[in-house]
Amino acid sequence: MPEIAIILVGCGRYDGTNVFEATATAVAVEKHGYEPKFYSFDMVQKSVIDHLTASEVQEERNMLAESWRLAVGCVKDAKDLEVECVAGVVIPGGQGIIRNMTTIEELQVDENMKALLEKIHANSVPLGLTSHSAIL
């Protein structure tokens, strides 16, 4: 079964990947005959938000570890994604894309995400972006 890589940036709409968008993406991928494979970045989130109060808290969370809360099955490090071996890549939204993978002040994309996007484009792999991830 061909695979679609789904890129997560943690778990939670305020500081990670939006749970609804990631779930809907995985269901749609399977519905169309593809196998979803989950990837994330092994790096510390730039900010952590208490989802009850929507306020920032002072704690450290790793995006790869947080993504395990969301995905069914193994979440692999995005640096290990062999884009030439997948039928496509989808990056669901959530404010974690903005908080963790960009610098709003300079409008720059994180180097890890930039390297992944360049690899996707260099291999002409179809890329789907939803919601907040469209900023990439």
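Here is a short chat about how the labels for this predicted model come about.

User: Before we start, what should I keep in mind about the model and its numbering?
Analyst: It's a predicted model, where local features need pLDDT of at least 70 and side-chain atom pairs count only at pLDDT 80 or more, while totals for chains, interfaces and linings use all residues. Residues are numbered from 1 along each chain as its sequence is written, and side-chain values use heavy atoms, with hydrogens and water left out.

User: What makes S2 and S5 a pair?
Analyst: Two strands pair if DSSP finds at least two bridges between them. Strand S2 (residues 35-40) and S5 have three bridges, in the parallel sense, so they pass that bar. Phe 38 stands opposite Val 75 in S5. Strands themselves are DSSP runs of E with at least two residues, and helices are runs of H or I with at least four, numbered from the N terminus.

User: And how do you know that S1 and S2 pair?
Analyst: By that bridge count again: S1 and S2 share five bridges, parallel. Ile 6 has Phe 38 in S2 as its bridge partner.

User: What is the order of the strands in the sheet?
Analyst: Five strands form an open sheet, S5-S2-S1-S6-S9, with parallel pairing. Strand S5 (75-77) and strand S9 (127-129) each have a single partner strand, so they stand at the edges with one side left without a neighbour in the sheet. On average, neighbouring strands here are turned by 30° against each other, direction ignored. Angles come from lines fitted to C-alpha atoms (for helices, over the stretch in contact) and run from 0 to 180 degrees between N-to-C directions.

User: Why is S1 called largely enclosed?
Analyst: Four of its five residues are buried, so the rest of the structure largely encloses S1. The cut-offs are: buried under 20% relative accessible area, exposed over 50%, partly exposed in between (1.4 Å probe, protein chains only).

User: Where does helix H1 sit?
Analyst: Helix H1 (residues 19-31) lies across strand S1 (3-7), S2 and strand S6 (88-91), at about 145° to S2. Contact here means heavy atoms within 4.5 Å. S1, S2 and S6 are among the elements covering the buried residues of H1.

User: How do you know that the length of H1 is close to what's expected?
Analyst: The expected span is 1.5 Å times one less than the number of residues. H1 has 13 residues and reaches 18 Å from its first C-alpha to its last, close to the expected 18 Å.

User: What makes one face of H1 the buried one?
Analyst: Its buried residues are Glu 21, Ala 22, Thr 25, Ala 26 and Val 29. Seen down the helix axis, they fall within an arc of 130°, so they line one face; the arc is that of the directions from the axis to the C-beta atoms. On the face turned away sit the exposed Phe 20, Val 27, Glu 30 and Lys 31.

User: Why is Ser 124 called exposed, and what is Ser 131?
Analyst: Ser 124 has a relative accessible area of 66%, so it clears the exposed cut-off. Ser 131 is at 42%, so it counts as partly exposed. Ser 124 lies in the loop between helix H4 (111-122) and S9, and Ser 131 is in the segment after S9. Phi is near 50° in Ser 124, a positive value in a residue other than glycine, and phi of Ser 131 is also near 50°.

User: Why is Asp 80 called partly exposed?
Analyst: Its relative accessible area is 48%, so it falls in the in-between class. Asp 80 is in the loop between S5 and S6.
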